[in-house]
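Open the model in your viewer, keep the sequence panel beside it, and follow the stops below in order. At each stop, make the selection first and then read what is there.

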Amino acid sequence: MANEARKDFNAMLHDAKDMPRLQIVTDPKTIEKYGGSRMYFAPPLDYDRAMRRIPFGRLTTVGDIRAHFARASGADFTEPITAGIFVSIAA
């Protein structure tokens, strides 16, 4: 990310916008790729909390965190683009 020295990552972490939310996807390619039509958007603070619960020395992927959120919310999958952005902000 460019200009990290000027960005307020704490403010970005606490900016939930309109999340959490569940959205129904109608694009057939997306439904086929992710295995369902219910897409969950988790707020950035949830990613921070999930990452803090991972014990030191244990490896967990963003995909594992996304799968956890999808199961917990009753969705088919968690939106991958915001997940990557929010993990970077939380880190």
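Before the first selection, one definition is needed: two strands are said to pair if DSSP finds at least two bridges between them. Helices (H or I, at least four residues) and strands (E, at least two) are themselves DSSP runs, and they are numbered from the N terminus.

What you have open is a predicted model, in which local features need pLDDT of at least 70 and side-chain atom pairs count only at pLDDT 80 or more, while totals for chains, interfaces and linings use all residues. Residues are numbered from 1 along each chain as its sequence is written, and side-chain values use heavy atoms, with hydrogens and water left out.

**The whole chain**

Start with everything selected: the C-alpha trace spans about 40 × 30 × 20 Å along its principal axes. Five helices and three strands make up the secondary structure, and along the sequence they follow the pattern α-β-α-β-α-α-β-α. Now colour by pLDDT, which is the predictor's confidence in each residue, from 0 to 100. The chain averages 90, and 95% of the residues score at least 70. Among the elements, helix H1 (residues 9–13) has the lowest mean, 82, and E2 has the highest, 96.

**The loop before the sheet**

Select Pro20, which lies in the loop between H1 and E1, and look at the peptide bond that reaches Pro20 from Met19: this bond is cis, with omega near 5°.

**The sheet**

Next select the three strands, which form an open sheet in the order E1-E2-E3 with mixed pairing. Strand E1 (21–24) and strand E3 (77–78) are the edge strands, each pairing on one side only. E1 and E2 are antiparallel and are joined by four bridges, whereas strand E2 (residues 38–41) and E3 run parallel and are joined by two. Which residue of E2 is the bridge partner of Gln23? The partner is Met39, and Met39 also stands opposite Phe77 in E3. Add Tyr40 to the selection, and you will find Thr78 of E3 as its bridge partner.

**H3 against H4**

Two packed helices are described by the angle between their axes and the distance between the axes. Here axes are lines fitted to C-alpha atoms, for helices over the stretch in contact, and angles run from 0 to 180 degrees between N-to-C directions. Select helix H3 (residues 44–52) and helix H4 (residues 62–73), which pack at about 115° with their axes 11 Å apart. That angle makes H3 roughly perpendicular to H4, given that angles under 35 degrees count as roughly parallel, over 145 as roughly antiparallel, 65 to 115 as roughly perpendicular and the rest as oblique. Show the side chains where Asp46, Tyr47, Ala50 and Met51 of H3 meet Ile65, Arg66 and Phe69 of H4, contact meaning heavy atoms within 4.5 Å.

**H3 against H5**

Finally, keep H3 and add helix H5 (residues 80–90): their axes come within 9 Å and cross at roughly 60°, and that makes H3 oblique to H5. On the H3 side the contact is made by Pro44, Tyr47, Asp48 and Met51, and on the H5 side by Ala83, Phe86, Val87 and Ala90.
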